[in-house]
Amino acid sequence: MRTYSVNIGGVARELPIVELAPGLSVALFNMLGDTEVTESAGKALADLMPSEVDVLVTPEVKALTLAHVVSRESGKPYVVVRKTQKPYMVNPVVREVLSITTGKPQTLVLDGMDVENLKGKKIAIIDDVVSTGGTLKSLSKIISEVGGEVVAVLTVFTEGDERDDVIALGHLPLFKVEN
């Protein structure tokens, strides 16, 4: 299997290159279960976070452990935007997003109980990888709708096109196969 070498805050990893669609492959970054990478990335992102941030927001699942580390290191609380609506949620805010990783629509759900934690606050979105920006746009829209202000986006990697709207520790290229 082909791999792509990365260094995350001094921690080296070989990411497998996997095909997402015919002719398009990515270096798959999955830090779930990788404590060393999660700790290193979280500490590095906490150091890069603007001081004006009040609250962190992260999408459920893969970035959740990262947000926990950034929260612990920065002392800032975090809110998780879920991917499914739960029966216990009160007045949830629901949006749909198309993610490059899944290739199909996903739901993002902010529990209404968390709205007060974001209202009038300066927010940093924490994610593992920002590629097309679909999840980022949906999260930003939800945050804005409930009265929060996104002042920073922190991610381990950007992917594909270079982005100047994201604070990232590194960049992953897309691997295109020409026919």
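The exercises below, each with a worked solution, concern a predicted model of a protein.

**Exercise 1. The protein as a whole**

Find how many helices and strands the protein has, and decide whether its radius of gyration agrees with that of a compact globule.

Solution. Begin with the secondary structure, which comes to 4 helices and 11 strands. Next, take the length of the protein: with 179 residues, a compact globule would have a radius of gyration near 16 Å, and since the protein has 16 Å, the two agree. The C-alpha trace can also be described along its principal axes, where it spans about 50 × 35 × 30 Å. Turning to burial, 44% of the 179 residues count as buried, and the accessible surface comes to about 9,000 Å², of which 50% belongs to carbon and sulfur atoms. As a last step, consider the contacts between residues at least 6 apart in sequence: among these, 58% join residues at least 24 apart.

**Exercise 2. A hairpin and its sheet**

Work out how strands S1 and S2 are joined, and then place them in the sheet to which they belong.

Solution. Strand S1 covers residues 3–8 and strand S2 residues 11–21; the two run antiparallel and are joined by 6 bridges. Within this pairing, Tyr4 has Leu15 in S2 as its bridge partner, while Ser5 stands opposite Glu14 in S2. The two strands form a hairpin with 2 residues between them, and in the turn Gly9 has a positive phi of about 55 degrees.

Now widen the view to the open sheet, which has 4 strands in the order S1-S2-S3-S11, paired in antiparallel fashion. Its edge strands are S1 and S11 (174–176), each of which pairs on one side only. On average, and with direction ignored, neighbouring strands of this sheet are turned by 30 degrees against each other. Helix H1 packs on the sheet and touches S1 and S2, and the direction of H1 makes about 100 degrees with that of S2.

**Exercise 3. The buried residues of helix H2**

List the residues of helix H2 that are buried, and state which elements they pack against.

Solution. Helix H2 runs over residues 64–74, and its buried residues are Leu66, Ala67, Val69, Val70 and Ser71. These buried residues pack against helix H1 (35–48) and against four strands, namely S4 (55–59), S5 (78–81), S8 (122–130) and S9 (149–159). After the helix comes Gly75, whose phi is positive, near 80 degrees.

Continue with Leu64, which also has its place in helix H2. Is this residue buried, partly exposed or exposed? Because its relative accessibility is 30%, Leu64 counts as partly exposed. When its neighbours within four places in sequence are left aside, Leu64 is in contact with Thr58, Pro59, Tyr78 and Val80. By way of comparison, Leu64 and Thr132 are 68 residues apart in sequence and 20 Å apart in space, taken from C-alpha to C-alpha.

**Exercise 4. Salt bridges across the chain**

Identify the salt-bridge partners of Arg13 and of Arg72, and say which parts of the chain each pair brings together.

Solution. The count for the protein comes to 9 salt bridges, and three of them are followed here, starting with the one between Asp34 and Arg13, whose closest N and O atoms are 2.8 Å apart. Asp34 lies in the loop between strand S3 (24–27) and H1, whereas Arg13 lies in strand S2, so the pair ties together parts that are 21 residues apart in sequence. To classify the two residues, recall that buried means under 20% relative accessible area. Asp34, with 18%, is therefore buried, while Arg13, with 26%, is partly exposed.

In the second step, Arg13 also meets Glu36 in a salt bridge, at 3.1 Å from N to O. This pair links strand S2, where Arg13 lies, to helix H1, where Glu36 lies, and the two residues are 23 residues apart. Glu36 has 48% relative accessibility and counts as partly exposed. Taken together, Arg13, Asp34 and Glu36 are linked in a network of salt bridges.

In the third step, the side chains of Arg72 and Glu39 meet in a salt bridge of 2.6 Å, N to O. Here the pair links helix H2, which holds Arg72, to helix H1, which holds Glu39, across 33 residues of sequence. Arg72 is partly exposed at 42% relative accessible area, and Glu39 is likewise partly exposed, at 23%.

Note on methods: Residues are numbered from 1 along each chain as its sequence is written. This is a predicted model: local features need pLDDT of at least 70, side-chain atom pairs count only at pLDDT 80 or more; totals for chains, interfaces and linings use all residues. Side-chain values use heavy atoms; hydrogens and water are left out. Two strands pair if DSSP finds at least two bridges between them. Buried means under 20% relative accessible area, exposed over 50%, partly exposed in between (1.4 Å probe, protein chains only). Contact means heavy atoms within 4.5 Å. Axes are lines fitted to C-alpha atoms, for helices over the stretch in contact, and angles run from 0 to 180 degrees between N-to-C directions. The radius of gyration is taken over C-alpha atoms; the globule rule is 2.2 Å times the number of residues to the power 0.38. Accessible areas come from the Shrake-Rupley method with a 1.4 Å probe; for residues, only the protein chains shown count as cover. A salt bridge is a side-chain nitrogen of Lys or Arg within 4 Å of a carboxyl oxygen of Asp or Glu.
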